[in-house]
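Reader: I've got this one open on my screen and would like a quick tour. Can you walk me through it?

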Amino acid sequence: MSLHHTLRTWWHRRHAAPPARVMPLLAGRSLRAVFQPMVDVRSGVIVGHEALARAPFTQPDLTVERMLQASHEERCLKNFELACVELAFERWVGSGARGQLFVNLSAVTLVLLHSSDLSGLILERMRKHGIPARRVGLDVTDYGMLPDLDLLVAALRPLRAAGVMVALDDFKPSDRGMQVWAKVLPNVVKLAPRWTHNLATEPQQAKTVESLVRLTRKHDSLLAAKAVESEDTLRAVARLGVHWAQGYFLGSPDSKPCSQLNLRARQVLSSVA
């Protein structure tokens, strides 16, 4: 083994991030919740926020991706996701925010809750915090790998009956993605960031998004663009008729939900109206 290889291995081990652990965070109730605004592109009104989980300030390198990976390894994904939902409800009520609150739950967790006769648990948490179901949106994640979509449809049925809005998160217009859309018939389709990036400069990408806008109108649903991070992207989103948008150009995730769209985004939307 060469000296160069030995030194490189030592450096990576020395600077590698420590193993993530989720169970201590759950036991200590040390997770944080932040909220990113979702904006109606036509009116510029903030229609709601998506709740996002964050690690404690003392662990700035612990990303959501690492926490999710750790929850899989520690076999506590369901508990981790439910803790994030509970925290979002708690902080949302305390903030006095208006509009919709979107929370994330994986398709696997939803199916597990339903199969364990715990499908009412989410609604129970809403009642506990005094949040009407009609003000809650559910961002369903990781649905693409689910072998039986009928299980997901069944798991969502009591939530929808209560008034919860259903969104497909990180949607990709692939064969599988369209299959899920046709089966679940979501209220909102949230485009994966890859379909928002370069939207202003890639004609084929814009054409695909435009066709998705037409499809949402046909199914009486809404198309939302995530990761809107520049003026050009927001202009493209507005020009193509996308209904909702979220991203750093519109507002960064913060512990306090915002009530008004920032000036730069308002100016862009007013110029393309």
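Author: What follows is a short chat about a pocket and a few residues in this predicted model.

Reader: Let's start with the pocket. What volume does the largest pocket have?

Author: A general point helps here: rolling a probe the size of a water molecule over the atoms shows where empty space is left. For the largest pocket, that space comes to a volume of about 1,100 Å³.

Reader: Which residues lining the largest pocket are the closest to its centre?

Author: There are 44 residues in the lining. By type they divide into 21 nonpolar, 11 polar and 12 charged. The ones closest to the centre are E50, N104, D169, D170 and K226.

Reader: Which element gives the largest share of that lining?

Author: Several elements give two or more residues each: β1 (32-40), β2 (46-54), α3 (64-73), α4 (77-95), β3 (100-106), β5 (165-171) and α8 (175-184). The largest share is 7 residues, and it comes from α4.

Reader: On to D139. Is D139 buried or exposed?

Author: D139 sits in strand β4, residues 136-141. Leaving out residues up to four places away in sequence, D139 touches E50, F102, V103, N104, L105, A167, D169 and K190. Its relative accessible area is 0%, and buried means under 20%, so D139 is buried.

Reader: What about S221, and which residues does S221 touch?

Author: S221 is in the loop between α9 (203-218) and β7 (222-225). With a relative accessible area of 6%, S221 is buried. Not counting residues up to four places away in sequence, its contacts are W181, P186, N187, T216 and H243.

Reader: D220 is in the loop between α9 and β7. What is its phi?

Author: As a rule, most residues other than glycine have a negative phi. D220 isn't a glycine, yet its phi is positive. At 73% relative accessibility, D220 counts as exposed. The phi of D220 is about 55°.

Reader: A227 has a positive phi too. Is A227 buried or exposed?

Author: You'll find A227 in the loop between β7 and α10 (231-239). Its phi is about 60°, although A227 is not a glycine. The cut-off for buried is under 20% relative accessible area, and A227 has 14%, so A227 is buried.

Note on methods
Residues are numbered from 1 along each chain as its sequence is written. This is a predicted model: local features need pLDDT of at least 70, side-chain atom pairs count only at pLDDT 80 or more; totals for chains, interfaces and linings use all residues. Side-chain values use heavy atoms; hydrogens and water are left out. On a 1 Å grid over the protein atoms alone, a cavity is a set of points where a 1.4 Å probe fits but cannot get out, and a pocket is an open set with protein on both sides within 12 Å along at least five of seven lines; lining residues have an atom within 4 Å of a point. Grid points are joined across faces, edges and corners, and a volume is the space filled by probe spheres set on the points. Helices (H or I, at least four residues) and strands (E, at least two) are DSSP runs, numbered from the N terminus. Ala, Val, Leu, Ile, Met, Phe, Trp, Tyr, Cys and Pro count as nonpolar, Asp, Glu, Lys and Arg as charged, and the others, Gly among them, as polar. Buried means under 20% relative accessible area, exposed over 50%, partly exposed in between (1.4 Å probe, protein chains only). Contact means heavy atoms within 4.5 Å.
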